[in-house]
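Hi there,

Here is the structure I promised to pass on to you. Have a look at it first, and then read on for what turned up in it.

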Amino acid sequence: MLAALVPATASAADTQEVDAALPYVCAFPSGPVPATVRISAEFPQRARAGEAFSPAGVTTAVELPAEAVAGLAGSDVTEVRAGTALAVAVAQDAATATAIWRGGSDPVPLPASGPLTLTATGDVPSVTGRGDGDLTFTAGDLALGLTPGPAPGPAEDPGDGEVTGVPAVDCALAEDAPDEGLLATVPAVPGPAGTSGPPSPPASGGPSPVPGGGPRERQEGRSGEAPESVPSVAADRDVPPCRYDEDNPPTPLSLNAYVTGYANVKKQKAASYLPPSCVLIDGGEFQFPVDEPFDPEQLVMVLTTYGEFSHQGRPETPPYDSTFLSFDFTPVKATMVLKQTGPMRIDARMTMRYSDLFTTTETYVRVPLIAQVTALEVNGVPLDVGPSCRTEESLTSVEPDPAKHPGDHVVLYGKAEQAIGEDVVGYTLLTGGPLAGEVTIPAFTGCGTGREDLDRLLTASVSGPGNHIKQVQGQTCTPLVPVFETPETRGQCTEDLQPYQIPVAER
């Protein structure tokens, strides 16, 4: 039900305005404190099945009483800012999903006494109805992060310094909340033919929608496609931090993980190494697929969730060096960053046979990424590429379902299999594992200074189709329900709630 994380628009005459003041109970370190959360948004009067829309003008105002404010005051604290993550249940008939409405506030002066109101704003996930039933939006748990002082400036590094302020505060909807937190009901009407229903599964035995991802002949009940290894763990933790903070607090469904791997550059006959990079994921729950007939032989469930690269507060990977022998004789070293320009969507489909409980999970990860070159050396001589050297468009893959997922983006595919009583073999979102795909690298633009244009040089050296990617994701950590390493338990989270497992790239 959740579609792309981009705002949609609606005419003012065809919207319904919501302004709900809901009672909450927030678990501050000093004890439970009642609070009022005022949620404002504009919803469409109606929606068409198969067409995405997004609530507009969303604000989350948290009104804290004097007793909570007194606990925030300090000798050098004069103002405070908030980060919010509101879980909103979206339902249509029997189908449900959870959207995370995140927001941030400007710094607000901290009063010497009395209450305090913090108003957070931000874009929210869009929603796509799959039928003609009513779509309902209901407020749920709220994670509230409070940080003293203004937001860090561009020269500051929010990722390496210590996080200040109180830990993220969990707020639960009070039992006497009006209508149990219902925010809005949006009637859905039938859409054009072919716009509703779940995504079509890959045809059994047919061509792979992503290179290297298609089914193979089964041998002794297990297909040869699922890799026979799980990600190994690096011996040290020389990696960037990967954690939530007060500005981006976790929810009960939040996950974080490291991903690493290699990407071929076909023209250079070599591969580029992507160092371990942090991904923050708004987790979801498996649901029964909508508008699919009952399968008497197996259980089928689907999951849609969203993620984002995170490096020093930005949706990108850490900088990494790639060294090639350009034109077969000239050593070239490029420092690059992959920047995420839209939502990372993760779709998983799980099937479990009733006869022997054998489970297969297929996952597609879709994300728009541009490659930016920040530094370039040719035969040891630096070339000034300027501040805006990047691919013109996102790296692109062949999309197996272009009607449902339009636009330029990378597609990675992973498959896992699990026999009852055995470990997962292959990739799932929670356990990690290998993902593979193939991309076309677009032409470069903005490279060079006024004296020389390097666009054509980089395009001729790098751009083109047929570049294979193999990424390895590590085991996820669930910060609000952490699993620590013990003699009897495999670690999922470190003591400071970062992913315990650092995956190792595989060729």
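Before we start, one definition: Ala, Val, Leu, Ile, Met, Phe, Trp, Tyr, Cys and Pro count as nonpolar, Asp, Glu, Lys and Arg as charged, and the others, Gly among them, as polar. Please also keep in mind that this is a predicted model.

With those classes in hand, let's go to the second largest pocket. Its lining has 38 nonpolar, 10 polar and one charged residues. The volume of this pocket is about 740 Å³. Of the 49 residues that line it, A263, Y320, L338, L395 and I469 are the closest to its centre. Which strand gives the most to this lining? That is β21, residues 330-340, with six residues.

Now for the overall picture. The protein has two helices and 31 strands. It is 507 residues long, and 48% of them count as buried. About 24000 Å² of the protein is exposed, with carbon and sulfur atoms supplying 54% of that area. If you take the contacts between residues at least 6 apart in sequence, 71% of them join residues at least 24 apart.

Next, the nonpolar cores. The largest one has 43 residues, and those with the most contacts inside it are L64, W101, F137, L146 and L183. A second, separate core has 39 residues, including L303, F309, Y320 and I441. You have met Y320 already, as one of the residues closest to the centre of the second largest pocket. Back in the largest core, try clicking on F137: leaving aside residues up to four places away in sequence, its contacts include F43, F53, V88, W101, L183 and V186.

W101 also leads us to the cavity. How many cavities of 30 Å³ or more does a search of the whole structure find? The search finds one, and the largest cavity has a volume of about 30 Å³. W101 is part of its lining, together with V58, T60, T84, R102, G103, A120, T121, G122 and V124. By class, these residues divide into four nonpolar, five polar and one charged. Strands β5 (56-64), β7 (95-104) and β9 (116-121) each supply at least two of the lining residues, and the largest share, three residues, comes from β7.

A few single residues are worth a visit too.

S254 lies in strand β17, residues 254-265. Is S254 buried or exposed? Its relative accessible area is 0%, so S254 is buried. Beyond residues up to four places away in sequence, S254 touches R102, Y244, I281, D282, G283, C477, T478 and P479. R102 in that list is also one of the residues lining the largest cavity. D282 is 28 residues from S254 in sequence, yet their C-alpha atoms are 4.8 Å apart.

P44 sits in strand β2, residues 31-44. With a relative accessible area of 7%, P44 is buried as well. P44 and T15 are 29 residues apart in sequence and 4.2 Å apart in space, C-alpha to C-alpha. Besides T15, P44 touches D14, Q16, F53 and V186, again not counting residues up to four places away in sequence. F53 and V186 also touch F137.

Two residues stand out for their backbone angles. Most residues other than glycine have a negative phi. E180, however, has a positive phi near 55 degrees. You will find E180 in the loop between β12 (169-173) and β13 (182-186). Because its relative accessibility is 66%, and exposed means over 50%, E180 counts as exposed. L497 has a positive phi too, near 65 degrees. L497 lies in the segment after β31 (464-473) and, at 29% relative accessibility, counts as partly exposed.

Q498 is also in the segment after β31. At 9% relative accessibility, Q498 counts as buried. Leaving out residues up to four places away in sequence, its contacts include R237, C242, N256, Y258, C477 and C493. C477 is a contact of S254 as well. From Q498 to T478 the distance is 8.9 Å, C-alpha to C-alpha, with their places 20 residues apart in sequence.

Enjoy exploring!

Best wishes

Key:
Residues numbered from 1 in each chain as written. Predicted model: local features only at pLDDT ≥ 70, side-chain atom pairs only at ≥ 80, totals over all residues. Heavy atoms only, no water. Helix = DSSP H or I, 4+ residues; strand = E, 2+ residues; numbered from the N terminus. Buried < 20%, exposed > 50% of the residue type's maximum accessible area, 1.4 Å probe, protein only. Contact = heavy atoms within 4.5 Å. Areas by Shrake-Rupley, 256 points an atom, 1.4 Å probe, with all protein chains shown as cover. 1 Å grid on protein atoms, 1.4 Å probe; cavity = no way out; pocket = protein on both sides within 12 Å on 5 of 7 lines; lining within 4 Å. Points joined across faces, edges and corners; volume = space filled by probe spheres on them. Core = buried A, V, L, I, M, F, W, Y, C linked by side-chain atoms within 4.5 Å.
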